[in-house]
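Here's a quick briefing on a protein model, written for someone just getting started. Have a look at the structure first, and then we'll go through it topic by topic.

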Amino acid sequence: KAETQAYFAERFPDGKKDIDDSLYAITKETVRRRIVDEGIRPDGRKLIIPLRNIRGEIRTVQIINEDGDKFFEKGGQKRGCFHLLGGEEKLKKQGRVFLAEGYATAASLYEATGRPVAACMDSANLEPVAKALREKYPNLQITVCADNDVKNAINVGVAKAKQAAEAVKGCVAVPRFTPEEENRGMKDFNDLRLLHGDKAVKETV
């Protein structure tokens, strides 16, 4: 919506402010290092992340508060919208994109591989984003990077990633952890990178 874009531009015109004050950024090491040029805005101890549709229009924002709770602008459009790390030009040049759920996971994938990553914000949005990208870029290689929700009765992260990949004839990548790491709650590519480094991420995707 035009109102969303105006709200974002007027309230956060700079885009170059320090994000170190965000507790979420501090606990998610990769977010703390990620350059703000990607479009992330600080708001006190919160982070504001814009989501754009396939035409590049801001349709909503995700707000992450100091406790790590995430919520969206009321009335905005999330379905099929995403936050792209690396930029569209790199995506078109490389011909490949990764899809991830959260921003921290997407940032870890981008830093480890140098390839564009679309942060879809939750597992239910993986398929709509994958379909939007496939429609615009018919030859794009799409890899859906799952959250491995192995501790849940139903592994929704892997199931939704497979569903999204099947819908666009893409690939799925799933991070693996030891039982001890799983018991500590490790489940995504941000966790994998912090535990085992870039090499482990590259070998998995």
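E88 is partly exposed, with a relative accessible area of 33%. Its side chain meets that of K136 in a salt bridge, with N and O 2.8 Å apart. Keep in mind that this is a predicted model, so every distance here is computed from predicted positions.

**The K136–E88 pair**

- K136 is partly exposed too, at 37% relative accessible area.
- What does this salt bridge hold together? E88 sits in helix α4 (residues 88-94) and K136 in helix α6, so the pair ties together parts that are 48 residues apart in sequence.
- In general, side chains of opposite charge can pair when their charged atoms come close.

**More salt bridges**

- How many salt bridges does the structure hold? There are ten of them.
- Another one joins R193 and E111, whose closest N and O atoms are 2.8 Å apart.
- R193 belongs to helix α9 and E111 to helix α5, so this pair ties together parts that are 82 residues apart in sequence.
- Is R193 buried or exposed? With 13% relative accessibility, R193 counts as buried, because the cut-off for buried is under 20%.
- Its partner E111 is partly exposed, with a relative accessible area of 22%.
- E111 and R193 don't stand alone: together with D198, they are linked in a network of salt bridges.

**Inside helix α9: E203 and K199**

- E203 and K199 form a salt bridge as well, and here the closest N and O atoms are 4.0 Å apart.
- The two residues are four apart in helix α9, so about one helical turn separates them.
- Here's the general idea: an α-helix has 3.6 residues a turn, so residues three or four places apart point the same way.
- Both E203 and K199 are exposed, and for K199 the relative accessibility is 60%.
- K199 also shows how folding brings distant parts of a chain together in space: K199 and A112 are 87 residues apart in sequence, yet their C-alpha atoms are 7.6 Å apart.

**R134, a charged residue without a salt bridge**

- You'll find R134 in helix α6 (residues 126-136).
- R134 is buried but has no salt bridge. Its nearest side chain of opposite charge, E135, is 10 Å away.
- What lies by the polar atoms of the R134 side chain? The backbone oxygen of Y137 is 3.3 Å from one of them, and the backbone oxygen of P138 lies 3.4 Å from a polar atom of that side chain.
- Leaving aside neighbours within four places in sequence, R134 is in contact with N139, L140, I142, V168 and K169.

**Helix α5 and the cores**

- Helix α5 (residues 103-113) is mostly covered, with nine of its eleven residues buried. Among them are Y103, T105, L109 and A112.
- Right after α5 comes G114, which has a positive phi near 75 degrees.
- Which residues of the largest nonpolar core touch the most other members? Of its 26 residues, those are L109, V117 and F189.
- Several elements each supply at least two residues of this core: β2 (46-52), β6 (96-100), α5, β7 (117-119) and α9 (189-204). Helix α5 gives the most, with six residues.
- Apart from neighbours within four places in sequence, L109 is in contact with A100, G114, V117, C145, F189, V201 and V205.
- There's also a second, separate core of 21 residues, which includes A130, L133, L140 and V144. L140 is one of the contacts of R134, too.

**The whole protein**

- The protein has nine helices and nine strands.
- Of its 205 residues, 49% are buried.
- Take the contacts with a separation of 6 or more: residues 24 or more positions apart account for 55% of them.
- The protein exposes about 10000 Å², and carbon and sulfur atoms supply 47% of that area.

Conventions
Residues are numbered from 1 along each chain as its sequence is written. This is a predicted model: local features need pLDDT of at least 70, side-chain atom pairs count only at pLDDT 80 or more; totals for chains, interfaces and linings use all residues. Side-chain values use heavy atoms; hydrogens and water are left out. Buried means under 20% relative accessible area, exposed over 50%, partly exposed in between (1.4 Å probe, protein chains only). Lys and Arg count as positive and Asp and Glu as negative; His and the chain ends are not counted. A polar contact is a pair of N or O atoms within 3.5 Å; within protein, one must be able to donate a hydrogen and the other to accept it, and residues adjacent in sequence count only if both atoms are side-chain atoms. Contact means heavy atoms within 4.5 Å. Accessible areas come from the Shrake-Rupley method with a 1.4 Å probe; for residues, only the protein chains shown count as cover. A nonpolar core is a set of buried Ala, Val, Leu, Ile, Met, Phe, Trp, Tyr and Cys residues joined through side-chain atoms within 4.5 Å.
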